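Morning, everyone. I'll take the two chains in turn, then go through a few strands and single residues. Please have the model open while I talk.

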Amino acid sequence: MLQSFKLAIKAILSNKIRSALTMLGIIIGVAAVIILVSIVSGYMGQMVEQFEEMGVNKITIFCRNMNTRHIDDDDMYKFWDEHPTWIDSLSPTVTLSSAIAKSGSDNLDSTTITGVSEDYLDIMKYKVEEGRNLVYADVAGRSSVCVIGSYVANTFYGSAEKAYEDTIKINGKPFTIVGVIETQDEDNFEEGGTDDFIWIPYTVATKMNRNGFINNFVMNSTDTLYTEEITEALEEKLSNVFKNDRLYNVMANSSIIKQLNQSIGTLTAMLAGIAGISLLVAGIGVMNIMLVSVTERTREIGIRKALGARQGVIMQQFVIEAAVTSTIGGVFGIAIGAFATKSIGAVMDIKANPTVWAVLLSFGVSVAIGLIFGYLPAKNAARLNPIDALRVD
Amino acid sequence: MSDPLIDIRNEYKIYIMGNEQVYANDNINLKIDRGEFVSIVGKSGSGKSTLMNIIGALDKPTSGKYFLNGRDTSTMSDDELADIRNKTIGFIFQQYNLLPKLTLLENVELPLLYAGIKVKERRIKALESLSKVGLKEKYNQYPNQLSGGQQQRVSIARALAGSPSLLLADEPTGALDSKTSGDVLNFLKKLHSEGNTIVMITHDNAIALEAKRVVRIHDGKIIFDGDTESYATEFQISH
């Protein structure tokens, strides 16, 4: 066995260019598997992370209320009362669609105006920079107060401090700015961006909207363990009200992440499969070279057989040679693949790390290729008739 | 131990060439005892190489029996033949058939390796064998660093390494000049005098006469089997 390894290495070294070209196939195949799998899972992993930042506990409810069938804030708060252990926080979100906000004489055209409860800040995981958040009293008392995003404060008032306790007019009605939220996204600090918003108590917002319905709710579960139960209970409740599942939708972030993870798995497997084809081609290359090697060494095989080498010994020699060739190729492929993954990841700004399973898989596959594609040539060699083999020059 | 070392009975080797059957060996009967030095001589195409392959357990007869050391090889499998070649026969080839990428020591070790002998013992035996042919100091060199005569001596060392019952030499001087040929033949004689059984295949009557007994093959049949002197007389060759 050890002898076979020595012989294999000797044989590989004695034909350096040919061995290198054969290995190149394996190297490319293995590197391709590692790069594709690692980049994709790195990229998708980042998407998952983004969802997680938005809050794994977050569950959003959309409905299309009508006069005959609708739900309101009382229904949702009642649902919370029924399941106090599941739910951590809840806020209706009422979008003021056709409202006109004015700061002095400036129009805030792009600013999103949303009616929310005092829990909204926690659900969004935002923090107050100046002043305070909305409180229950604002909601219950339908106070004309608002909390604004830092883009609004900076653009129209100069700074958070200056904006504080100033006023904004919404549909002609003055709202006192009681708080300014910290900047959330420096990269998106622009008109219509993440920080271009105004929050007012949802009770005020529903009055300002003509129909007075609350179409959206957002809540945080206490634990993602309850996601499915909450989703089911909500869907049951909404189904009882609306009788038509096209009129409502419950979306849990954790379910989305779960689905996303499943898609990542499928996509990665698919890409690994495609890259695997190049490994297959490389395997055929190994077989080709081994067949040539056997033909070239017919005389050697004849001598060995004449001197008493059994079929198994000859076979082992060639299978090991093929396996060693492809294993060396595999090791180089892993090194190059890992290096390329890091470099590409750095260029694309993705946290791409060669995944352990991609490395193990491609290494295993490259060894297996050597064994499988070395088998046929080795068998040919083992079965050579020593007389015919000795006759070859 | 009255059994002959080689006992070939009614051996035929028939090849099919198109629609024709070619009798390469046509009812061969041959016994060779331990300690003999026999030449098998014949022209090219006479069937002597076929007979050598049978004797060397490289091939099986189409019909008939071949007992080597009392064991019937005609029904053996490929691996069994490999084992019996390994343990009983030392081959000396015309083209030496050394492996160019192995050192002399490694070349001589080969039959021992296939016999499953451990590294240390292998090394000792191979060196012993190399010293018998006077090439011990060159053990770490490669075959292409040696002259033809030296290479043939290495191949003899390899044949001797496993202490086989039979040395089978196929045109051992075919690739050598007359002086080196003489050296090799003298060495074979010396081995014979030490008790080794030697069968030498050749097309050259003068070389055949170096043995003690001559078997002449013609058209697949044995047409002469006797001692060297009567062979020389019968075929009018100057000894």
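First, a term: helices and strands here are DSSP runs, with at least four residues for a helix and at least two for a strand, numbered from the N terminus. Keep in mind that this is a predicted model.

Start with chain A. By that count, chain A has 14 helices and 12 strands. Now its overall dimensions. A compact globule of 393 residues would have a radius of gyration near 21 Å. Chain A comes out at 34 Å. Look at the C-alpha trace along its principal axes: chain A spans about 105 × 50 × 30 Å.

What about burial? Of the 393 residues in chain A, 47% are buried. Contacts next. Take the contacts in chain A with a sequence separation of 6 or more: 80% of them are between residues 24 or more positions apart. The exposed area of chain A is about 19200 Å². Carbon and sulfur atoms supply 56% of that area.

Then charge. Chain A carries 32 positive and 42 negative side chains. The centres of those two sets lie 17 Å apart.

Over to chain B. Chain B has eight helices and 10 strands. Its radius of gyration is 18 Å, close to the 18 Å that the globule rule gives for 239 residues, so chain B is as compact as a globular protein of that length. The C-alpha trace of chain B spans about 50 × 45 × 40 Å along its principal axes.

In chain B, buried residues are 54% of the 239. Of the contacts in chain B between residues at least 6 apart in sequence, 66% join residues at least 24 apart. Chain B exposes about 10700 Å², with 47% of it from carbon and sulfur atoms. As for charge, chain B has 29 positive and 30 negative charges, and their mean positions are 6 Å apart.

Now the strands of chain B. Which strands make up the open sheet, and in what order? There are four, in the order β2-β1-β4-β5 of chain B, and the pairing is antiparallel. At the edges stand β2 (20-32) and β5 (71-72) of chain B; each has a single partner strand, so one side of each is left without a neighbour in the sheet.

Zoom in on the β5 edge. Strand β4 of chain B, residues 63-68, is joined to β5(B) by two bridges, and the two run antiparallel. Find Leu68(B): it stands opposite Arg71(B) in β5(B).

At the other edge, pick out Asn27(B), which is found in strand β2 of chain B. Its phi is near 55°, a positive value in a residue other than glycine. Asn27(B) is partly exposed, at a relative accessible area of 33%.

Next, strand β6 of chain B, residues 89-92. In a regular strand, side chains alternate between the two faces of the sheet. Are the faces of β6(B) covered or open? Both are covered. Ile89(B) and Phe91(B) are buried on one side, and Gly90(B) and Ile92(B) are buried on the other. β6(B) runs parallel to strand β7 of chain B, residues 166-170, and four bridges join the two. One pair to find: the bridge partner of Ile89(B) in β7(B) is Leu166(B).

Back to chain A, for three residues. Two of them are in one strand. Thr114(A) has its place in strand β5 of chain A, residues 112-116. Val116(A) lies in strand β5 of chain A too.

Buried or exposed? Thr114(A) is buried, because its relative accessible area is 11% and the cut-off is under 20%. Val116(A) is buried as well, with a relative accessible area of 0%.

Who touches them? Leave aside neighbours within four places in sequence. Thr114(A) then contacts Thr93(A), Val94(A), Ile198(A), Trp199(A) and Ile200(A). On the same basis, the contacts of Val116(A) include Thr93(A), Trp199(A) and Ile200(A), along with Leu134(A) and Val139(A). One distance: Val116(A) and Thr85(A) are 31 residues apart in sequence and 22 Å apart in space, C-alpha to C-alpha.

Last one: Lys243(A). Find it in the loop between α9 (227-242) and β12 (248-252) of chain A. Lys243(A) is not a glycine, yet its phi is positive, about 60°. Lys243(A) counts as exposed, at 62% relative accessibility.

That's my list. Over to you.

Methods: Residues are numbered from 1 along each chain as its sequence is written. Chains are lettered from A and ligands numbered from 1 in the order in which they are written. This is a predicted model: local features need pLDDT of at least 70, side-chain atom pairs count only at pLDDT 80 or more; totals for chains, interfaces and linings use all residues. Side-chain values use heavy atoms; hydrogens and water are left out. The radius of gyration is taken over C-alpha atoms; the globule rule is 2.2 Å times the number of residues to the power 0.38. Buried means under 20% relative accessible area, exposed over 50%, partly exposed in between (1.4 Å probe, protein chains only). Contact means heavy atoms within 4.5 Å. Accessible areas come from the Shrake-Rupley method with a 1.4 Å probe; for residues, only the protein chains shown count as cover. Lys and Arg count as positive and Asp and Glu as negative; His and the chain ends are not counted. The place of a charge is taken as NZ of Lys, CZ of Arg, CG of Asp or CD of Glu. Two strands pair if DSSP finds at least two bridges between them.
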